[in-house]
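Grab your viewer and a notepad. Try each exercise yourself before you peek at the solution.

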Amino acid sequence: MIRVATGSDIPSIVEIENLSFDVPWSSRVFRSYADYPGFIVIESDGVILGYAVLVVIKRAAHLASIATHPKYRRMGVATALLEGCVILAKENSYSLIRLEVREKNKTAQEFYLSNGFEVTGSIPNYYPDDNAIVMELDLGR
Ligand SMILES: CC(C)(COP(=O)(O)OP(=O)(O)OC[C@H]1O[C@@H](n2cnc3c(N)ncnc32)[C@H](O)[C@@H]1OP(=O)(O)O)[C@@H](O)C(=O)NCCC(=O)NCCS
């Protein structure tokens, strides 16, 4: 089930975050997003498998973060979360979803490419230790 994240999900989300990123977001950042419609989780039998944060920046839908618990990767979890993000973006009349991904994060780039995203640019030194690849998904509107 995909649903909006609430405050009580945050410990599970922080666990996924810490297992997924070298520079994880803090629980404080996630708390600031609690109940925001673009902050979604996928839950199965009471277990949070993954999360995504879709925010609006300059009138474009922006995928700020997405992660799947390492135990549940390659099972379609992030694809399902992305589909949830696409529904949200379309409901709000956005014509594309944009994101930045670390140049070194080839796994995420493969994931986005396999889900229809295209590379549209790069931003040198976007991260303290890496460049960003900019990717976009055309929502066909
Ligand atoms: C990237 C990430 C979110 C993908 O989550 P996931 O739930 O495993 O993704 P899915 O199962 O929906 O994968 C869908 C497709 O993406 C591609 N893909 C996913 N992981 C991949 C990998 N490790 N290597 C190559 N392709 C991959 C495949 O085409 C896959 O389809 P397949 O399993 O049928 O081959 C997950 O690896 C993750 O949490 N990584 C750490 C956090 C991160 O980097 N987030 C992105 C920040 S920009």
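What follows is a set of exercises on salt bridges, a ligand site and one helix residue, each with a worked solution.

The model is predicted, so local features need pLDDT of at least 70 and side-chain atom pairs count only at pLDDT 80 or more, while totals for chains, interfaces and linings use all residues. Residues are numbered from 1 along each chain as its sequence is written, and side-chain values use heavy atoms, with hydrogens and water left out.

**Exercise 1.** Work out which salt bridges Arg3 makes, and how far apart the N and O atoms are.

*Solution.*
Step 1: get the rule straight. A salt bridge here is a side-chain nitrogen of Lys or Arg within 4 Å of a carboxyl oxygen of Asp or Glu. That rule gives a count of four salt bridges.

Step 2: look at Asp9. Its salt bridge with Arg3 has the closest N and O atoms 2.8 Å apart.

Step 3: look at Glu43. The side chains of Arg3 and Glu43 also form a salt bridge, at 2.7 Å from N to O. This pair links distant parts of the chain, 40 residues apart: Arg3 is in strand E1 (residues 2-4) and Glu43 in strand E2 (residues 39-44). Helices (H or I, at least four residues) and strands (E, at least two) are DSSP runs, numbered from the N terminus.

Step 4: check burial, where buried means under 20% relative accessible area, exposed over 50%, and partly exposed in between (1.4 Å probe, protein chains only). Asp9 is buried at 6%, and Glu43 is buried at 18%. Arg3, at 22%, is partly exposed.

**Exercise 2.** Find the partner of Glu136 and say which strands the pair ties together.

*Solution.*
Step 1: the partner is Arg98, with the closest N and O atoms of the salt bridge 2.8 Å apart.

Step 2: Glu136 lies in strand E7 (residues 130-138) and Arg98 in strand E5 (residues 96-102), so the pair ties together parts 38 residues apart in sequence.

Step 3: for burial, Glu136 is buried at 19% relative accessible area, whereas Arg98 counts as partly exposed at 29%.

Step 4: now go for shared partners. Arg3, Asp9 and Glu43 are joined into one network by salt bridges that share partners.

**Exercise 3.** Describe how the protein holds polar atoms next to the ligand's oxygen atoms, and which elements supply the shell.

*Solution.*
Step 1: list the neighbours, meaning residues with a heavy atom within 4 Å of the ligand. There are 20 residues around the ligand, and the closest are Thr68, Arg74, Gly76, Thr79 and Asn105.

Step 2: pick out distances to ligand oxygen atoms. For a side-chain N or O atom of Thr68 the distance is 2.8 Å; for a polar backbone atom of Ala78, 2.9 Å; and for a polar side-chain atom of Ser114, 3.1 Å.

Step 3: sort the shell by element. Strand E4 (60-68), helix H3 (77-91) and helix H4 (106-114) each give two or more residues. H4 gives the most, with six residues.

**Exercise 4.** Is Ile10 buried or exposed?

*Solution.*
Step 1: locate Ile10 in helix H1 (residues 10-20).

Step 2: read off the relative accessible area of Ile10, which is 4%, so Ile10 is buried.

Step 3: for scale, the C-alpha atoms of Ile10 and Ala78 are 18 Å apart, with their positions 68 residues apart along the chain.

Conventions: A residue is near a molecule or strand if one of its heavy atoms lies within 4 Å of it. A polar contact is a pair of N or O atoms within 3.5 Å; within protein, one must be able to donate a hydrogen and the other to accept it, and residues adjacent in sequence count only if both atoms are side-chain atoms.
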